[in-house]
Amino acid sequence: MAQIIHKPSWHIDEALATPHSVFLDRRELLKGWGLAGLGLAAAAALAPVRVRAAEGPAAQFYPAKRNESYTIDRPLTPEEINSRYNNFYEFGSHKQIWRAAQALKTNPWDIVVDGLVEEPFTIGFEDLVGRVALEERLYRHRCVEAWSMTVPWTGFALADFVSLAKPLSSAKYIRFETFMDPDVAGGQKQSWYPWPYIEGVTMEEAGNDLAFMVTGAYGQPIAKQFGAPLRLALPWKYGFKSIKSIKRISFTETRPVSFWEAILPQEYGFWANVNPEVPHPRWSQAQERILHTGERVPTLLFNGYAEQVAHLYDGLEGQSLYM
Ligand code: MTE
C-alpha cells in the first residue's frame, strides 16, 4: 500500500490535535468555538443548527414515538453541541463542517437499490419513509477518535429495509454508497480520497435489532451535517461505519471495501467493533471523552451492546474484529 500523504484528523493523537478536533473539557470546548466568555446558560441558549421541521423531507412524521427498549444510562448530548461537531469529509476534514453541509440538496432524494435483489429499483426518500414505521431510539455513538455522544435518533430498523428490498439468498453483504457531487461537497474535489464514501455490513449484522436507518434526530428530520436525509446508526461499531447521506444500497456476495479501509487498511478494517482492549495502532481505545462534558469514561466492549451483538462474531475470532 502506497504511503498516504493526506491523513484524516483522527491520524493525530487527540491530545495533540488543534482546536479543530477539540478534545478538551467543556470550558475549553467552548473556548475552541470562541465562546469562552459565555456562561454555560448562555452557551446552552445557542440555537441548534438544523433544518426546521417544516422544511425537511417527510416532516409530517415527526416527532416519532420513542421505543423505550433502546435507552441509555447517560445524559443526551445537547443538540447545539453535536450539531456543530461533525465528521463529514465531503464537506471538509475538520469538525466545523455544519455550515458547508447546508449546501447539500436533500429534496428530492432518490435511493438506488440494486445488486442481488429480486428486482433492482429506485425509491424516493419520502416514498421510502411512507413504507416504514419511524420510531425514536436513544443510542450511544462512539467515534474511533475516542469521543462519544448520546443521540436521540429517529428512523427505522435496517431489517425493515431489507424486507422491502427483497434480497436473493446469495446476498451476503450490504454495500452503502453516499452521493457524489464535488460542486456541492468541496471535499470530494480532494482526489486523494477514494470518493464516494462507502460502507458495508453483513446480512446478519443488518438483521440485528440495533442496526438502524436514521432519518431524524432530536425529534426533527435529520440536519444536513448529520447525514440527511438517510444515514446508518450501528451503535456497537466505531462511528465511521455509520455512513451518511446514503444514495445507493447494493446487496453483494463479496465483502465491500469501505472508504477508510481503502485508504489505510492497516488501521481501519471491515468490522470496526468497539473494543477498549484493542488499541488503534496509534492511540488507546480504553477510554472515551464524552463530548458535552469533557469527562473521560471507560469504553465498553461493543460500546455497551455486547449482549445484543457479540454472538454475531462467534467463530470469527481470527479476524480483525475491532478495527
Ligand atoms: N459518512 C460520510 N458520507 N462521510 C463521512 O465523512 N464520517 C463518519 C460517519 N459517516 C462520514 C460518514 C465518521 S468518521 C463518523 S465518527 C460519523 O459519521 C460522525 O457522525 P456525526 O457527525 O453525526 O457525529
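Let us start at the ligand of this predicted model. Around the ligand stand 19 residues, and those that come nearest are Y89, E90, H141, R231 and K244. By character, this shell divides into 10 nonpolar, 6 polar and 3 charged residues.

Now zoom in on the polar atoms. K244, one of the nearest residues, reaches the ligand through its side chain: an N or O atom there is 2.6 Å from an oxygen atom of the ligand. Two other residues take part through their backbones. In S242, a backbone N or O atom lies 2.9 Å from a nitrogen atom of the ligand. In N87, a backbone N or O atom lies 3.3 Å from an oxygen atom of the ligand. What share of the ligand's exposed area does the protein bury? Taken alone, the ligand exposes 530 Å², and the protein buries 100% of that.

Where, then, does the ligand sit? Its place is the largest cavity. Rolling a probe the size of a water molecule over the atoms shows where empty space is left. In this structure there are 5 cavities of 30 Å³ or more, and the largest cavity has a volume of about 290 Å³.

A walk around the walls of that cavity brings back some familiar names. The lining of the largest cavity comprises 24 residues, with N87, R231, G239, S242 and K244 lying nearest the centre. R231 and K244 are also among the residues that come nearest to the ligand, while N87 and S242 are the two whose backbone atoms we have just met. Which strand gives the most to this lining? Strand β4, spanning residues 147–157, does so with 4 residues. Sorted by character, the lining of the largest cavity holds 14 nonpolar, 7 polar and 3 charged residues.

Let us move on to the largest pocket, which has a volume of about 150 Å³. You can trace its lining along the chain: S69, Y70, T71, I72 and D73 belong to it, as do L138, Y139 and R140, then L210, and lastly G304, Y305 and Q308. Strand β3, residues 135–142, gives the most to the lining of this pocket, with 3 residues. The pocket lining divides into 6 nonpolar, 4 polar and 2 charged residues.

To bring the two sites together, the largest cavity is where the ligand sits, and strand β4 gives the most to its lining; for the largest pocket, strand β3 gives the most.

Definitions and conventions: Residues are numbered from 1 along each chain as its sequence is written. This is a predicted model: local features need pLDDT of at least 70, side-chain atom pairs count only at pLDDT 80 or more; totals for chains, interfaces and linings use all residues. Side-chain values use heavy atoms; hydrogens and water are left out. A residue is near a molecule or strand if one of its heavy atoms lies within 4 Å of it. A polar contact is a pair of N or O atoms within 3.5 Å; within protein, one must be able to donate a hydrogen and the other to accept it, and residues adjacent in sequence count only if both atoms are side-chain atoms. Accessible areas come from the Shrake-Rupley method with a 1.4 Å probe; for residues, only the protein chains shown count as cover. On a 1 Å grid over the protein atoms alone, a cavity is a set of points where a 1.4 Å probe fits but cannot get out, and a pocket is an open set with protein on both sides within 12 Å along at least five of seven lines; lining residues have an atom within 4 Å of a point. A molecule sits in a cavity or pocket if more than half of its atoms lie within 2 Å of its grid points. Ala, Val, Leu, Ile, Met, Phe, Trp, Tyr, Cys and Pro count as nonpolar, Asp, Glu, Lys and Arg as charged, and the others, Gly among them, as polar. Grid points are joined across faces, edges and corners, and a volume is the space filled by probe spheres set on the points. Helices (H or I, at least four residues) and strands (E, at least two) are DSSP runs, numbered from the N terminus.
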